[in-house]
Amino acid sequence: MFRQFQDKLERLIQQKKPFVLFRKPNETKVELWENQEKKTARKFSCNSFDNSTLIEFNDDEVVEILIDDLPKIELLLPISTQNEAISYNDYINLIEKTVEELKSDSDTQKIVISRIKELDKHDIDLSETFKNLHQHYPNAYVYLRYDVEEGCWIGASPELLLKEENQLIQTVSLAGTKAKEDDWTDKEYHEQQVVTDYITATLSGFTNYIDVDGPFSVNAGFFEHLKSFISAQLIDKDKLYDVLKALHPTPAVGGMPKDLAKDFIIKNEGYNRTFYAGFMGYETETEAEFFVNLRCAKIYQNKVKLYVGGGIMPDSIPENEWNETELKSKTIGELLIELK
Ligand SMILES: C=C(O[C@@H]1C=C(C(=O)O)C=C[C@H]1O)C(=O)O
């Protein structure tokens, strides 16, 4: 399999064709997918936050190898001339504005605000970075996606959006972030409950037997989150995409209510999230699994752009929100490996 994997990767790089590599949670193998531009039972999809872009790869010759055998990945990456990072002061003002919106008589209860943090790092070793993410985040969905126009995205998502197998569906409510040494407060429990309530209400139109287990405090590398495990029985298998569409963006990455929060984000955040906080995943004849594109970065020839955000509630403190995004930026930022 190693030879096949290497040949396929080399061919795709040479032909400048898009591809995606991913390692599912708790696995030790990495899969390589291309778009064969024909209808196949195996499909990988990647959807932008605002639903304006959907990328699909159909591939019935997916190859996989052990992560330790992942060869070098040498790509000609684009150069970024645009500085998209927001300053500390501008971010504080943005959070203040968001808190005002939440306290006003508008119906918004929660809005997730995010930013780009730029790192002056070049010559990233993509293969070694991928291996590093795999080792540090065994429970995450680790991926690398390349496209000549768009460039290279890499990430380690801690958040399952939807898994389906034999009509049993699973998802999680993941929200609330704290440093390991701190204690949880009502603010985070409330923030996470908003997500759980939204997910169960959304699923109730499509499923039977909804079960919620949690919330539990879970380790996310440099910090912790609150997480509930949700499962249910899908009534009609053909409605999987309807469930996905109805869930996305959950209040874990958008806000509540969904449309008001999304409008506020698009008007005020000051940059285009593109694929950050969108979702991606695969489906085969027997199962489907989609993750929220969080803890991700775009790798350029001359820099790295990290995408980080956090849920804002009426009692959020702007400085803490900046610190939370700094902490989240370490998930990928501290694990990047430069070429020797
Ligand atoms: C928005 C992000 O993370 C989400 C927001 C969280 C929060 O507000 O506490 C926690 C987990 C994620 O659902 C991110 O990592 O960029």
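**Figure 1. Strand 9 against strand 15 and strand 10.** Strand 9 (160-165) pairs with strand 15 in the antiparallel sense over 5 bridges. Strands are DSSP runs of E with at least two residues, helices are runs of H or I with at least four, and both are numbered from the N terminus. Two strands pair if DSSP finds at least two bridges between them. The model is predicted: local features need pLDDT of at least 70, side-chain atom pairs count only at pLDDT 80 or more, and totals for chains, interfaces and linings use all residues. Residue numbers start from 1 along each chain as its sequence is written. K163 stands opposite E289 in strand 15. In strand 10, K163 has Q170 as its bridge partner. Strands 9 and 10 run antiparallel and are joined by 3 bridges. They form a hairpin with 2 residues between them. N166, in the turn, has a positive phi of about 50°.

**Figure 2. The open sheet of 8 strands.** The strand order is 4-3-14-15-9-10-12-11, and the pairing is antiparallel. Strand 4 (54-58) and strand 11 (207-219) stand at the edges. Each has a single partner strand, so one side of each is left without a neighbour in the sheet. From one strand to the next, the twist averages 15°. Helix 5 (residues 240-247) packs on this sheet and touches strand 9, strand 12 (224-234) and strand 15. Contact here means that the C-beta atoms of two residues, placed from the backbone, lie within 7 Å. The direction of helix 5 makes about 165° with that of strand 9. Such angles run from 0 to 180 degrees between N-to-C directions; axes are lines fitted to C-alpha atoms, for helices over the stretch in contact.

**Figure 3. Strand 14 beside strand 15.** Strand 14 covers residues 279-283 and strand 15 residues 287-292. The two pair in the antiparallel sense over 5 bridges. M280 stands opposite F291 in strand 15.

**Figure 4. The open sheet of 9 strands.** This sheet has the order 5-2-1-7-8-16-17-6-13, with antiparallel pairing. At its edges stand strand 5 (63-66) and strand 13 (255-256). Each of these has a single partner strand, so one side of each lacks a neighbour in the sheet. Strand 8 (residues 151-157) and strand 16 (residues 296-299) pair in the antiparallel sense over 4 bridges. I154 stands opposite A297 in strand 16. Helix 3 (residues 126-136) lies across strand 1 (19-23), strand 7 (141-147) and strand 8. Helix 3 runs at about 160° to strand 7.

**Figure 5. Helix 2 packed with helix 7.** Helix 2 (residues 88-103) and helix 7 (residues 318-333) pack at an angle of about 120°, with their axes 9 Å apart. The two are therefore oblique to each other. Angles under 35 degrees count as roughly parallel, over 145 as roughly antiparallel, 65 to 115 as roughly perpendicular and the rest as oblique. The crossing is right-handed: the near helix is turned clockwise from the far one by less than a right angle. Y88, Y91, I92, I95 and E96 in helix 2 meet P318, E319, E321 and W322 in helix 7. The residues of this contact divide into 6 nonpolar, no polar and 3 charged. Ala, Val, Leu, Ile, Met, Phe, Trp, Tyr, Cys and Pro count as nonpolar; Asp, Glu, Lys and Arg count as charged; the others, Gly among them, are polar.

**Figure 6. The shell around the ligand.** The ligand is surrounded by 17 residues, and the closest are T177, A252, G309, G310 and G311. A residue is near the ligand if its C-beta atom, placed from the backbone, lies within 6 Å of it. Strand 6 (110-119), strand 10 (168-178) and strand 17 (304-312) are the elements that give two or more residues to the shell. The shell divides into 7 nonpolar, 7 polar and 3 charged residues.

**Figure 7. Backbone exceptions in three loops.** Most residues other than glycine have a negative phi, and most peptide bonds are trans. A cis peptide bond joins H248 and P249, with omega about -10°. P249 is in the loop between helix 5 and strand 13. M256 and P257 are also joined by a cis peptide bond, with omega about -10°. P257 is in the loop between strand 13 and helix 6 (258-268). E37 has a positive phi, near 50°. E37 lies in the loop between strand 2 (29-34) and strand 3 (43-47).
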